[in-house]
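Q: Got a structure here and some labels I'd like unpacked. Can we go through what earns each one?

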Amino acid sequence: MKIDVISIFPEYLAALELSLIGKARTSGLLDLTVHNLRDWTTDKHRTVDDTPAGGGAGMVMRADVWGAALDDVLGAAADADADEGANGDVEAGATEEGPVLLIPTPTGRVFDQRMAEELAGEDHLVFACGRYEGIDARVAEKFSERVRVVEFSIGDYVLNGGEVAALVAIEAIGRLSPGVVGNPESLIEESHGAAGLLEYPVYTRPTSWRGADIPDVLLSGDHARITRWRRRKALARTAKRRPDMLIDRAEPLTMEDKLAL
Ligand SMILES: COc1cccc(COC(=O)c2cn[nH]c2)c1
């Protein structure tokens, strides 16, 4: 998978050189490049923003600078000159192939494990990290004529820029890419995973710690019993903390599940 990130603070993305994502980059599993948006400016001061049309506080990021950067980074898929059909119509919008342009924004669709799974199957992701009051709306509008554009939010709060949201999404997506996580098994029982429940509580040595012991069942060696216990704990935790996850389930609850609630 190829990932490009465009930001005025490329050093913010240095965390992607560490740990699993860092190893995936070294091994070539993940081809990740961070770009400085200012490299596409043409003025002496390398200006990327201007005052908001219609007034208001703060600054807005310029469409011309973002357009130049995205034309380069998205490559052929986003060629600015539309290919006209025989009757002169501009070719219809974005296709299911080609790169996906991802824009972190408080106004976006909420990023969740489903979206991470969908995006993990893509060949090329381009993250446009906005700052200030955001990016000129014509950028998402015009590029959506050429590529798939996903404006996404990582939660209902406002950050100073999209870099942190891009780090969250890249980690959530990257770890699902084949080969990035050593043992794919560990991806199955996770919270928000296939079971559609929060994960059960986990324990390890020491067996006894400050008067609290590991639940006996986990030391019993009876794997069927352990599996049942873990399912019951996952259900109880989900019912208590995220009852919304028990409604409209892809995986309906079994009778044993319902009895455990
Ligand atoms: C592109 O326009 C803007 C405008 C304002 C802030 C940001 C940074 O993203 C967030 O604040 C965010 C992302 N998910 N939850 C919050 C982007």
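A: Sure. A helix here is a DSSP run of H or I with at least four residues. Keep in mind that this is a predicted model.

Q: What makes the stretch that holds R228 a helix, and which one is it?
A: R228 is found in helix α6, residues 223–241. A run of at least four residues is needed, so residues 223–241 qualify as a helix.

Q: Why is R228 called partly exposed?
A: R228 has a relative accessible area of 38%. Partly exposed lies between the 20% and 50% cut-offs, so R228 gets that label. R228 also helps form a positive surface patch with R225, R232 and K233.

Q: How do you know that D257 and R231 form a salt bridge?
A: Their closest N to O distance is 2.7 Å. The cut-off is within 4 Å, so the pair counts as a salt bridge. This pair links distant parts of the chain, with D257 in helix α7 and R231 in helix α6, 26 residues apart.

Q: Why is D257 called buried or exposed, and what about R231?
A: D257 has 3% relative accessibility. Buried means under 20%, so D257 is buried. R231, at 29%, falls in between and is therefore partly exposed.

Q: What makes D4 and K2 a salt bridge?
A: Their closest N and O atoms are 3.5 Å apart, and within 4 Å is what's needed, so they count. D4 and K2 are also linked with D31 in a network of salt bridges.

Methods: Residues numbered from 1 in each chain as written. Predicted model: local features only at pLDDT ≥ 70, side-chain atom pairs only at ≥ 80, totals over all residues. Heavy atoms only, no water. Patch = residues over 30% accessible without salt bridge, like charges linked within 9 Å, V, L, I, M, F, W, Y side chains within 5 Å. Areas by Shrake-Rupley, 256 points an atom, 1.4 Å probe, with all protein chains shown as cover. Salt bridge = Lys/Arg side-chain N within 4 Å of Asp/Glu carboxyl O. Lys, Arg positive; Asp, Glu negative; His and termini not counted. Charge placed at Lys NZ, Arg CZ, Asp CG, Glu CD. Helix = DSSP H or I, 4+ residues; strand = E, 2+ residues; numbered from the N terminus. Buried < 20%, exposed > 50% of the residue type's maximum accessible area, 1.4 Å probe, protein only.
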